[in-house]
Amino acid sequence: MKRSIYVLIACAYSVLFCAGCGAGKPAGDMSQMTTSVAVETQEIALQPMEQYVSVSSKVSSEQEVSVVPKTSGTVKKLYIGLGDTVKAGDILFEIDDTEARLQVKQAQASLESAQANYD
């Protein structure tokens, strides 16, 4: 049963293959074949050509220093920008000292109160 199906399929393929091969024009006869293609021409001229390359990298410095303030607080004023050259002793930023001043005043008041109690 299976064998007869395979034989039938092989015969069908053979008939289709043979029918497709014999119905063409002769290969050497090009006189009857004409093909039109629409083209647009342009004169050659020098034009600038730009090329962009996108790369990623990591830049590191020869010397690196971590800047850590002695007190905590919010930066009030920044005196330098990113990438600026600095040297030892330069002021980089100013920290808001409002809270520190209040603590000093409170400590002075406590000291005065303690001295008054002592006397």
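This is a short dialogue on reading the fold, salt bridges, pockets and surface of a predicted model.

Trainee: Where do I start? Which elements does the protein have, and in what order do they run?

Mentor: Start with the overall layout. This model is predicted, not experimental. The protein has two helices and two strands. From the N terminus on, the order is α-β-β-α.

Trainee: How much of the protein counts as buried?

Mentor: Of its 119 residues, 1% count as buried. Keep that in mind as we go through the side chains.

Trainee: Now the charged pairs. How many salt bridges does the structure hold?

Mentor: The general idea comes first. Side chains of opposite charge can pair when their charged atoms come close. In this structure there are two salt bridges. One joins Lys-76 to Glu-94, with the closest N and O atoms 3.3 Å apart. Lys-76 sits in strand β1 and Glu-94 in strand β2, so this pair ties together parts that are 18 residues apart in sequence.

Trainee: Are these two partners buried or exposed?

Mentor: Neither label fits. Lys-76 is partly exposed, at 48% relative accessible area. Glu-94 is also partly exposed, at 29%.

Trainee: Which residue pairs with Asp-97?

Mentor: Arg-101 does, and the closest N and O atoms are 3.0 Å apart. Asp-97 counts as partly exposed because its relative accessibility is 28%. Arg-101 has a relative accessible area of 55%, so it is exposed.

Trainee: On to pockets. How do I find empty space, and what is the volume of the largest pocket?

Mentor: Rolling a probe the size of a water molecule over the atoms shows where empty space is left. Here the largest pocket has a volume of about 330 Å³. It is lined by 14 residues, and the closest to its centre are Val-65, Val-67, Ile-80, Val-86 and Leu-92.

Trainee: What is the chemical make-up of that lining?

Mentor: Sort the residues by class. The lining of the largest pocket has eight nonpolar, three polar and three charged residues.

Trainee: And the second largest pocket: what is its volume, and which residues line it?

Mentor: It holds about 200 Å³ of space. Its lining includes Thr-71, Ser-72, Asp-96, Asp-97 and Gln-103. By class, the lining divides into two nonpolar, five polar and three charged residues. Helix α2, residues 98-118, gives the largest share, with three residues. Notice Asp-97 again: it lines this pocket and also forms the salt bridge with Arg-101.

Trainee: Last, the surface. Which residues form a nonpolar patch there?

Mentor: Look for nonpolar side chains grouped on the outside. Val-75, Leu-78, Tyr-79, Ile-80, Val-86 and Ile-91 form this patch. Together they have about 550 Å² of accessible area.

Trainee: Ile-80 came up earlier. Where is its place in the chain?

Mentor: Ile-80 is in the loop between β1 (75-78) and β2 (93-95). Its relative accessibility is 30%, so it counts as partly exposed. Ile-80 belongs to the surface patch, and it is also among the residues closest to the centre of the largest pocket.

Terms used
Residues are numbered from 1 along each chain as its sequence is written. This is a predicted model: local features need pLDDT of at least 70, side-chain atom pairs count only at pLDDT 80 or more; totals for chains, interfaces and linings use all residues. Side-chain values use heavy atoms; hydrogens and water are left out. Patches are made of residues with over 30% relative accessible area and no salt bridge: like charges are joined within 9 Å, nonpolar side chains (Val, Leu, Ile, Met, Phe, Trp, Tyr) within 5 Å. Accessible areas come from the Shrake-Rupley method with a 1.4 Å probe; for residues, only the protein chains shown count as cover. A salt bridge is a side-chain nitrogen of Lys or Arg within 4 Å of a carboxyl oxygen of Asp or Glu. Helices (H or I, at least four residues) and strands (E, at least two) are DSSP runs, numbered from the N terminus. Buried means under 20% relative accessible area, exposed over 50%, partly exposed in between (1.4 Å probe, protein chains only). On a 1 Å grid over the protein atoms alone, a cavity is a set of points where a 1.4 Å probe fits but cannot get out, and a pocket is an open set with protein on both sides within 12 Å along at least five of seven lines; lining residues have an atom within 4 Å of a point. Grid points are joined across faces, edges and corners, and a volume is the space filled by probe spheres set on the points. Ala, Val, Leu, Ile, Met, Phe, Trp, Tyr, Cys and Pro count as nonpolar, Asp, Glu, Lys and Arg as charged, and the others, Gly among them, as polar.
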